[in-house]
4 protein chains.
Amino acid sequence: MGSNTFGKIFRVTTWGESHGKAVGVIVDGVPAGLPLSEKDIQRELDRRRPGQSEITGPRKERDRVEILSGVFKGRTLGTPISMIVHNVDIDSRPYEAIRNRPRPGHADLTYWLKYGHVDYRGGGRASARETVGRVAAGAVAKKLLSSIGIEILGHTVEAAGVKVGREIKNEEIRKNAERNPIRCADPEIAKKMIDRILEARREGDSTGGVVEIRALNVPPGLGEPVFGKIDAEIAGALMSIGSVKGVEIGAGFEAPRLKGSEMNDPFKLKDGKIVCETNRAGGVLGGITTGMPIVARIAVKPTPSISKPQRTVDLKEKKEVTLKLKGRFDPNICPRIIPVAEAMMAIVLADHLLRSGKIHPNSFEEGK
Amino acid sequence: MGSNTFGKIFRVTTWGESHGKAVGVIVDGVPAGLPLSEKDIQRELDRRRPGQSEITGPRKERDRVEILSGVFKGRTLGTPISMIVHNVDIDSRPYEAIRNRPRPGHADLTYWLKYGHVDYRGGGRASARETVGRVAAGAVAKKLLSSIGIEILGHTVEAAGVKVGREIKNEEIRKNAERNPIRCADPEIAKKMIDRILEARREGDSTGGVVEIRALNVPPGLGEPVFGKIDAEIAGALMSIGSVKGVEIGAGFEAPRLKGSEMNDPFKLKDGKIVCETNRAGGVLGGITTGMPIVARIAVKPTPSISKPQRTVDLKEKKEVTLKLKGRFDPNICPRIIPVAEAMMAIVLADHLLRSGKIHPNSFEEGK
Amino acid sequence: MGSNTFGKIFRVTTWGESHGKAVGVIVDGVPAGLPLSEKDIQRELDRRRPGQSEITGPRKERDRVEILSGVFKGRTLGTPISMIVHNVDIDSRPYEAIRNRPRPGHADLTYWLKYGHVDYRGGGRASARETVGRVAAGAVAKKLLSSIGIEILGHTVEAAGVKVGREIKNEEIRKNAERNPIRCADPEIAKKMIDRILEARREGDSTGGVVEIRALNVPPGLGEPVFGKIDAEIAGALMSIGSVKGVEIGAGFEAPRLKGSEMNDPFKLKDGKIVCETNRAGGVLGGITTGMPIVARIAVKPTPSISKPQRTVDLKEKKEVTLKLKGRFDPNICPRIIPVAEAMMAIVLADHLLRSGKIHPNSFEEGK
Amino acid sequence: MGSNTFGKIFRVTTWGESHGKAVGVIVDGVPAGLPLSEKDIQRELDRRRPGQSEITGPRKERDRVEILSGVFKGRTLGTPISMIVHNVDIDSRPYEAIRNRPRPGHADLTYWLKYGHVDYRGGGRASARETVGRVAAGAVAKKLLSSIGIEILGHTVEAAGVKVGREIKNEEIRKNAERNPIRCADPEIAKKMIDRILEARREGDSTGGVVEIRALNVPPGLGEPVFGKIDAEIAGALMSIGSVKGVEIGAGFEAPRLKGSEMNDPFKLKDGKIVCETNRAGGVLGGITTGMPIVARIAVKPTPSISKPQRTVDLKEKKEVTLKLKGRFDPNICPRIIPVAEAMMAIVLADHLLRSGKIHPNSFEEGK
């Protein structure tokens, strides 16, 4: 049984193996009339592709998206939007050698245990390449969000043990995050992060980090008790990204160290509206948005592909062996995970905007 | 739109407001033939009820469960199992006074923003009382799990700023966790936790903590790429519990501080089977179980109900006011959240056992 | 695996066995603020209960509904509405004798084949008693529909071989259908139907019929291509009722005998709006409502319970036997199936009104 | 909101507009290890393509399917199977002229009412071209079915007013149905049907018919009470095909004319197994398969595209006009609807085989 569809109204179905013919996505449930072009999608895909800098993998994926359906004369039709990216520049030979030797930290072993028959080339379906579909769908979601003023911001707050360690303003993220390879909003810290990442790479090793995603101008009232709480769905969405080992909302794992009087955000009036004075809740109370920014952070494990020798088992020969992976890998995945995490946040929000009647489910025009 | 159903095959639907006539749950998708009695359910409900000790709320909820359908002659029928717990010993008067004054840290405000018309008595649907249904459903799930040897263990690893700070053995949890009010597996640490909790309560304040849930003897191969990854669904399930602000699997938020060579669990052979030498992955790789224990931790915020005065807004009079809550509240929710978190873990696993064909969907007997 | 939930936004989950403690239903996804009382539900339940006349079964089910959640101060909360009807006046003894002898035309055999362990008393879950939950949920749906002027009408157009054989006006249904035991809108035809039904009963036999359900004042634009077409969902909903062997929309099985020029309803203008001159499409084109009345008919098989001896197999003794059922049965199920079919039609429409944004998903007031 | 996904475990998502770049389908939930090639798909697509004879439309769609994912070395991977068929030989010019003039009997008007912005070229998403995706998915389902011996047969039992009027043996369908343009299992009747179809076409008109689909060797126990009954899902699936106005199972609309003693199929023993002596139930009791053949029939309306002048409304000019469609259309859609209806039947069965544990959800090999 597979579960390659996400969402209730805004429904995203990704498909494709890393070294297959193509990867792609169907986005169903987008209202008719939304302006949309391949350029909107391409912009986000370009942010996730490898080969952007010295701290991301060197492969030159060209990743040209093509919209195959659901858009006519520059606007959506309300029908499924099918998008495809052909796989090019693929070299599957390195994987032939290790096809019976599951890489530690990867899904090779568990796919084999579950399915028996697997595509061992380049991680197959478990590859980060699957996120091409997520990012393309996220671009559609962002387009929908931007129509009512919602903005998604992502940045790295910790990498290779180096923490930002201070409150970052939205403006800093907008200004700085896309200007350095690690996507950190503090340029000085960014340099330190990169130094440490490169240092580990020289040792044949990799590093992890923490990425923060913010959603601004989110209307209050999004989220559905008791299992469709928006923080629950955000947590599920972000945890479904490879390499993510933890998710926190607002104060997150700091909350246990606070007292109730410190954690509870006091309510006050501002221009006749009820707002929270602080935002330790991270924009969500009882699973429903308060109107404050949604703030989520994810723990990103170090890239499992490393050059150092590792111990594994040969599935065919049934013996323990040492594995030495060849090639150059992303020494830190944080900057490339940011567009994916933004996409998942955008998809959850788009779905809830539709589920809560904030955007009309049939026609974009009618909702205006 | 409501989302009160969880699961794909093992499907749980909870219903009921805190001060309504009753709360309850429907569990659909349980195979026929599973031995089940009210005693199985009652045992778990007794673990979550308040009034068990000085650090949980004093209300004497009697919480007697009644199975209304789906069980015949001591065994399940494959039809929906309807369970009900009547609400007794309810005093809604304190809530009348504050019905227009949303309590900070609670869902009062967001429900009002979303629905307009709300049941303000005792938190209504957003009350922790809703978890009665979850725990009852979890008891059914546990019954299913135990038939193939899966065991769920829960314990408090941090409370009121006091951390256990060492690796706890499964045996310690089995032996100690249910024997102290905070459900900590280390009796010495438990005392310190309780001291701090009571200290905060004397100040009219509350505290939070971190709870760990382990699932042992989980078969490999559970979890469905790419959106039904088992860690993604566990994260969503746990985050859907009130007061939870973070979820981590395995190394969790420690993973970003490790290098790839430290994070990757090496594979080795043990009795002809492939196992992980360590378990930093927390039993999951690529969203599929490895066969190692699943280990999840949740960040529990301090109980939002406190005696200290708090600032809020009167929704009717449209002015800022000070709120002073009366009554005695759970000064720390960790021990009572444990059976709920265990229940959600059990529900996710039961669902995946059915989804992956490890348990036969129609008949319990056939699966044996 | 069970499938006891119907609908995407307006979601209905029924539970309960015929001779268990109770039957009931959860309705999730009803917007907050809808006026609703037990009286609204009871009225519809009274229409489906047996013992109303000589052509329905004699059991005196009292069927008092109780709303357990989701309603506060006479209005819905947006939370799940749980409703229960206790089973009283039950005599399971007749079923003990035939517990290993599946009744022809009933689900006894197939439940046994599927589940192994079954509740053989009174048909268990396969009993028509399950429809209590459907009718209760349908009453909620009808309340929602009536708020925007939609009316559901049901009547018998054929019974025991006697056909109405002419076009019936809506006004005739409103005036006559509830005034005779067979719920036929033509009082003269009704008498003939009843004569034939009683004639068959005297022979220890039963009869079937055709029931028509109309939905008036349905807004155009309901229905979701390509698998959520409204006629597809109506067909599925109606076919899920026990004893239904066929469903048709508009011209239905007469359509194959028409030519395209006869079948196609011409479009014309009426008060500035586009309407169909005729309604052979039955209110649906391409799975989306046109604004014309939705007209559906169902083929109802003769009641499977008959007094005549029937051939069956003893499951335990593995031999062919003759079965003679005792008791008095509904000699014709059409009049009692009408409220159930109306309920299913209402549920499908309520779901689509919410799915298409015609009614606001969170708040009934907001949609006005 | 769109609903372009069908099924619970075997999940089919179709996409694509008639005159867009391509049409296609994602099939999720197919177990790993099933042998599958493009040839398996192409065979079924060739059966549905137009231009096969004088009674189907003349367009020469080439319809070459390409499998883009989910298959590796000739076997399925358990991951989503993405299939694409590029649209070629498209001439959208005739549709420009009528873009504001909805064709009677078509979905032009309802799509416009629902979505506002539509692709008017060739019916867009409402075109029969969408069924390419269904047939491709059905071919995968058939492959799965055939692995446990299930066979799907389709044939025309009535066309243009000519009925077969006798019981047709399975062998006749296998031998004759694919050998004449109307796919009738009786060659003599087939000729009469074709004569009448051509006669109507000469008048610029079209005709309808009735198609029967049989599923043989279906294991007992498929179907999920109470809303996932297999006959309910078959009815919904078949009614979701364009031009279908009615669905019946077994005796269908003849059942109302039978008495209980005639309708009930007696049970008897055959080789130690319980079978039905007759099959008026059409293979389903209480929504669960009996093991007898499933027999479903659909009422197919006359093709809505006709050459005769028709009355419609110009949406822009807001006036009534006469519409004269140019081109050559399928004068009878029955033969081309057969592979589509077979596909939907196969998809429902494949889904239920997985839902009921008859086929293992992860691995095809494990199920053997």
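The following exchange concerns how the chains of this predicted model are related and how they share a sheet.

Trainee: By what rotation is chain A superposed on chain B, and which residue of chain A comes closest to the rotation axis?

Mentor: The superposition of chain A on chain B leaves an RMSD of 0.0 Å and involves 0.0 Å of shift along the axis, the rotation being 180°. The same surface serves both copies, as 100% of the contact residues of chain A recur in chain B. Of the residues of chain A, the one whose C-alpha comes closest to that axis, at 2.2 Å, is A:G236.

Trainee: Which strands of chain A and chain B pair with each other, and what is the bridge partner of A:V247?

Mentor: The open sheet has 10 strands with antiparallel pairing, and in its order β11(A) is followed by β11(B). These two strands, residues 244-249 in chain A and residues 244-249 in chain B, pair in the antiparallel sense over 3 bridges. Within β11(B), the bridge partner of A:V247 is B:V247.

Trainee: What angle does helix α9 of chain B make with β10(B)?

Mentor: Helix α9, residues 334-355 of chain B, packs on the sheet and touches β8 (151-159), β10 (209-216) and β16 (294-300) of chain B. Its direction makes with that of β10(B) an angle of about 35°.

Trainee: How are chain B and chain D related, and which C-alpha of chain B is nearest the axis?

Mentor: A rotation of 180° with 0.0 Å of shift along its axis brings chain B onto chain D with an RMSD of 0.0 Å. The two copies are therefore related as by a two-fold rotation axis. In chain B the C-alpha nearest this axis, 3.4 Å from it, is that of B:G357.

Conventions
Residues numbered from 1 in each chain as written. Chains lettered and ligands numbered in written order. Predicted model: local features only at pLDDT ≥ 70, side-chain atom pairs only at ≥ 80, totals over all residues. Least-squares fit on C-alpha atoms with pLDDT ≥ 70 in both. Pairing = 2+ DSSP bridges. Helix = DSSP H or I, 4+ residues; strand = E, 2+ residues; numbered from the N terminus. Contact = placed C-beta atoms within 7 Å. Axes fitted to C-alpha atoms, helices over the stretch in contact; angles between N-to-C directions.
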